[in-house]
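Q: Got a model to go through with me. Can we start with the ligands and then do the rings?
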Amino acid sequence: MALETIDLTAGRLIDQFSRPITYLRISVTDKCNLRCIYCMPEAGLPWLPKSEILSYEEIVAIVAAAADAGVRSIRITGGEPLIRRDIEKLISAIAAIPGIEDIALSTNALLLADQIDELVEAGLRRVNISLDTLREDRFFTIARRAGLADVKRGIQSAIDAGLHPIKLNCVVMRGHNDDELEDFARLTIDQPLFVRFIEVMPVHENAALQTETYVSTDEILARIAAIDDLQPVAGPSGNGPARYFAFPNAKGAVGVISPLSHDYCERCNRVRLTADGRLRMCLFGDQHVDLRTPLRGGASRSELEGLLRSAMAIKPERHHLRLGEPAARMRAFSEIGG
Ligand code: SAM
Ligand code: SF4
């Protein structure tokens, strides 16, 4: 559809390719307590100065404007969001914004068990947990820090608190963890867990890892289909790009996310807010709008809403990722709230 035929000022947030944008992912910090080999260099990154990071009040102001424009779902991510102090206060403030129907959290779960009560009380209803191995020695090799026991405690605390759905995100890397595919898939039989296998995506720091360890989701599915009859299912509610499959009578399901082999750009419903206040239009592109400068310059809620609406004109139709080619100027996923 041509840009001039779209009303960018009224109704829902619709981009120039007629996709309704209803989902905002918010990175609350660029820092992390792990150093996953596919995500971040071992030494960390040149962290953002505190003054450049949006305060909770500033994030809430942006979410309120986004809700006015039709955003309904929010994900809190990072970096590792649970290392930011009082994160439950942000969740509770966002939950109180009219129009916001769904708040989820992406976490490595190291600190989840300790914070679960406050998070649930604040309004958190569902969670995505990163877990790439079920073996402690491998956890250290992949995450470059210890902590599998804490992650397992975190997952159990989420089950006990009744969060639903609980999605486990597993980045599959040949020679690192692909021999655990079946063990991960079996977790979905007896427990209400949605295990999602993700193809390694390229960023500058991991281009070699990506070409050397890439496993397509077609191969992943073929391998776990050998366990038992695996049928396509609708999957849990949420905003994700995953395709789901389940074993007979399983309590959960297996999902695959394949940005490289089967991209989901046509169905894209999301934009991202970086920790330093840029609204990024695509995970793999540089198109963005700075919201922090106008916000700190006194922009009103309706002016922020106008900025969000006009940003729709620069959301690209699709990404152009190729195996082994790093996404433009992206050093790590944590920079943009992966
Ligand atoms: N720290 C939190 C966590 O690990 O869930 C939230 C931020 S993390 C950047 C969000 C998700 O991005 C995680 O599920 C992680 O596995 C995924 N991710 C990071 N780098 C990736 C890459 N190169 N390819 C595929 N997924 C990646
Ligand atoms: Fe940290 Fe998450 Fe990146 Fe791992 S994937 S280094 S836990 S931000």
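Q: How do the residues of the shell around ligand 1 divide into nonpolar, polar and charged?
A: Seven are nonpolar, nine polar and two charged. Here Ala, Val, Leu, Ile, Met, Phe, Trp, Tyr, Cys and Pro count as nonpolar, Asp, Glu, Lys and Arg as charged, and the others, Gly among them, as polar.

Q: Ground rules before we go on?
A: This is a predicted model: local features need pLDDT of at least 70, side-chain atom pairs count only at pLDDT 80 or more, and totals for chains, interfaces and linings use all residues. Residues are numbered from 1 along each chain as its sequence is written, chains are lettered from A and ligands numbered from 1 in the order written, and side-chain values use heavy atoms, without hydrogens and water.

Q: Which residues come nearest to ligand 1?
A: Tyr38, Gly79, Glu80, Ser130 and Met201, out of 18 around the ligand. Being around a ligand takes a heavy atom within 4 Å of it.

Q: Where is a nitrogen atom of ligand 1 relative to Tyr38 and Glu80?
A: A backbone N or O atom of Tyr38 is 3.0 Å from a nitrogen atom of ligand 1. For Glu80, a side-chain N or O atom lies 3.2 Å from a ligand nitrogen.

Q: What about an oxygen atom of ligand 1?
A: One is 3.4 Å from a polar backbone atom of Thr107.

Q: How much of ligand 1 does the protein bury?
A: 94% of the 540 Å² that ligand 1 exposes when taken alone. Areas are Shrake-Rupley with a 1.4 Å probe.

Q: Which strands each supply at least two residues of that shell?
A: E3 (102-107), E5 (166-172) and E6. Strands are DSSP runs of E, at least two residues; helices are H or I, at least four; numbering starts at the N terminus.

Q: And what surrounds ligand 2?
A: Cys32, Leu34, Cys36, Tyr38, Cys39, Gly79 and Asn108. By class, that shell has five nonpolar, two polar and no charged residues.

Q: Rings now. How many aromatic pairs?
A: Two. Phe, Tyr and Trp rings (six-membered ring for Trp) pair with centres within 6.5 Å; planes under 30 degrees apart are stacked, over 60 edge-to-face, the rest tilted. Phe184 and Phe197 are edge-to-face, at 6.4 Å and 85 degrees. Phe184 sits in helix H6 (residues 181-190) and Phe197 in strand E6 (residues 193-199), 13 residues apart.

Q: Are Phe184 and Phe197 buried or exposed?
A: Both are buried, meaning under 20% relative accessible area; exposed is over 50%, partly exposed in between (1.4 Å probe, protein chains only).

Q: Why is the pair of Phe194 and Tyr244 edge-to-face?
A: Because the ring centres of Phe194 and Tyr244 are 6.2 Å apart and the planes at 90 degrees.

Definitions and conventions. A polar contact is a pair of N or O atoms within 3.5 Å; within protein, one must be able to donate a hydrogen and the other to accept it, and residues adjacent in sequence count only if both atoms are side-chain atoms.
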